[in-house]
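This briefing walks through selected features of the structure shown below, grouped by topic. Please keep the model open while reading, so that each residue can be located as it is named.

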Amino acid sequence: MSRFTRSPILPLIPASFFAMTLGLAETGNAWRFAAVCWGLPATGGEVLQLLAILSFLWWIALYANKWLNHRDIALTELRDPVQSSFIALIPESVILIALALHPYHEGLAMAVFWVGSVTNLLYGVWRMATTWCVQREAAQAVPPLLLTYTASILVNALAAGLFGYAAYGWMLFGIGAISWLVLDSVLTQQLMSGGLAARTRNFMGIYMAPSVVALVAYQVLSGDEASTAVTLALSGYALFVAVALLVALRWLREQAFAAGYWAYTFGVATLAQGIILAAERNPLPAMELAALISFIAALFVTTAVAIGTLRLWIKGGYYPVVPSVQTV
């Protein structure tokens with residue numbers, strides 16, 4: 001009997017590839033906010049939302065294929081102390097798809113939201129319990145931890161507010177915000193003492209996520225009762241982190257372009273939403289200028305990453321290389 005190798009027919013993707021869906025959806029949401037505040041044509045935002053939905057359908061099909069036909073690889077990812085955090089992007093993507101559908105079919109959007117919302121919480125609880133039960137190395141305390149307990153749950157809170165579930169949204173906000181305060185000190189300590197290897201620098205796109213999502217979620221949940229002081233304080237910190245990342249751009253770009261660069265699009269686009277909302281309610285010249293700059297930055301970053309993705313895909317280097325499977 002002869003031995004031969006075969007490669008998977010469909011690409012085997014990690015859950016981190018769902019960052020594309022998040023980036024497109026949040027850039028679309030930023031455009032929706034800009035269309036309301038500045039009168040931009042709504043078409044741009046809806047095209048981005050459509051692309052987000054299409055990307056989600058593609059990634060979820062590939063991810064399901066991995067579980068159906070390559071279960072050992074899927075289980076390895078689920079058990080990995082770092083890579084498992086990215087699985088939280090799947091229910092988060094579902095929540096953002098619900099927001100994309102909301103203007104077109106409220107009933108369907110509501111159903112999709114609850115699927116994503118409940119799954120988001122269940123996975124977060126399971127990951128927290130699992131983390132308690134397994135020893136971790138200091139080097140594994142990296143920004144992706146924020147996805148499971150903070151960023152995705154704050155997106156859940158934001159969506160709950162937009163769907164009219166304010167009380168539920170505030171409970172979610174509490175989970176996400178308190179987890180952020182707890183985890184941020186741990187991550188900052190590790191980043192300042194252990195740093196990040198060049199191949200994981202795009203994790204810093206995740207590092208900015210809690211501050212920007214908290215800014216949007218607070219304003220959505222508070223509505224007209226939003227405190228000017230709290231809004232400006234959250235805006236200031238979100239901008240502070242964003243500018244720090246800009247200053248560190250040379251360091252960040254030491255990582256070659258890869259699918260992980262989509263992590264930056266989510267943070268910048270959500271920052272644009274938060275600052276646009278803040279500027280609408282607090283029409284200070286500096287805030288209005290910051291809103292315009294952040295929106296332009298969101299469009300630029302998403303476009304640049306999309307072009308980079310297309311180039312890498314044409315070269316055949318976008319999907320990860322998977323070891324061949326031995327058969328007899």
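Helices, as named here, are DSSP runs of H or I that hold at least four residues, and they are numbered from the N terminus. The model is a predicted one. With that naming in hand, the points below take up the largest pocket and its lining, then the three salt bridges that the structure holds, and finally a nonpolar surface patch and two individual residues.

**The largest pocket**

- The space in the largest pocket comes to about 950 Å³, and 27 residues line this pocket.
- Nearest the centre of the pocket, among those lining residues, lie Leu-246, Leu-249, Val-268, Phe-300 and Val-301.
- At least two lining residues are supplied by each of helix H10 (228-247), helix H11 (249-252), helix H12 (262-281) and helix H13 (285-314).
- Which helix gives the most to the lining of the largest pocket? That helix is H13, which contributes twelve residues.

**Salt bridges**

- Glu-46 and Arg-32 meet through their side chains in a salt bridge, with an N to O distance of 2.8 Å.
- This pair links distant parts of the chain, since Glu-46 belongs to helix H2 and Arg-32 to helix H1, with their positions 14 residues apart in the sequence.
- Glu-46 is partly exposed at a relative accessible area of 21%, whereas Arg-32 counts as buried at 16% relative accessibility, because the cut-off for buried is under 20%.
- A salt bridge also joins Lys-66 to Glu-77, and their closest N and O atoms are 2.8 Å apart.
- Lys-66 is in helix H2 and Glu-77 is in helix H3 (residues 71-79), so this salt bridge ties together parts that are eleven residues apart in sequence.
- Lys-66 is buried, its relative accessible area being 3%, and Glu-77 counts as buried as well, at 7% relative accessibility.
- Arg-201 and Glu-254 form a salt bridge between their side chains, with 2.9 Å from N to O.
- Arg-201 sits in the loop between helix H7 (166-193) and helix H8 (204-207), while Glu-254 sits in the loop between H11 and H12, so the pair ties together parts that are 53 residues apart in sequence.
- Arg-201 is buried, with 8% as its relative accessible area.
- As a general point, side chains of opposite charge can pair when their charged atoms come close.

**Nonpolar surface patch**

- Val-47, Leu-50, Leu-51, Leu-54 and Leu-57 make a nonpolar surface patch of about 440 Å².
- Leu-50, one of the residues of this patch, is placed in helix H2 (residues 43-69).
- Leu-50 counts as partly exposed because its relative accessibility is 48%, and the range for that class ends at 50%.

**Two individual residues**

- Is Asn-120 buried or exposed? Asn-120, which lies in helix H5 (residues 106-133), is buried, with a relative accessible area of 2%.
- Leaving aside residues up to four places away in sequence, Asn-120 touches Pro-91, Ile-95, Ser-152, Ile-153 and Asn-156.
- Pro-41 is found in the loop between helix H1 (19-38) and H2, and Pro-41 counts as exposed at 55% relative accessibility.
- Pro-41 and Trp-31 are ten residues apart along the chain, and their C-alpha atoms are separated by 8.9 Å.

Notes:
Residues numbered from 1 in each chain as written. Predicted model: local features only at pLDDT ≥ 70, side-chain atom pairs only at ≥ 80, totals over all residues. Heavy atoms only, no water. Buried < 20%, exposed > 50% of the residue type's maximum accessible area, 1.4 Å probe, protein only. Contact = heavy atoms within 4.5 Å. Patch = residues over 30% accessible without salt bridge, like charges linked within 9 Å, V, L, I, M, F, W, Y side chains within 5 Å. Areas by Shrake-Rupley, 256 points an atom, 1.4 Å probe, with all protein chains shown as cover. Salt bridge = Lys/Arg side-chain N within 4 Å of Asp/Glu carboxyl O. 1 Å grid on protein atoms, 1.4 Å probe; cavity = no way out; pocket = protein on both sides within 12 Å on 5 of 7 lines; lining within 4 Å. Points joined across faces, edges and corners; volume = space filled by probe spheres on them.
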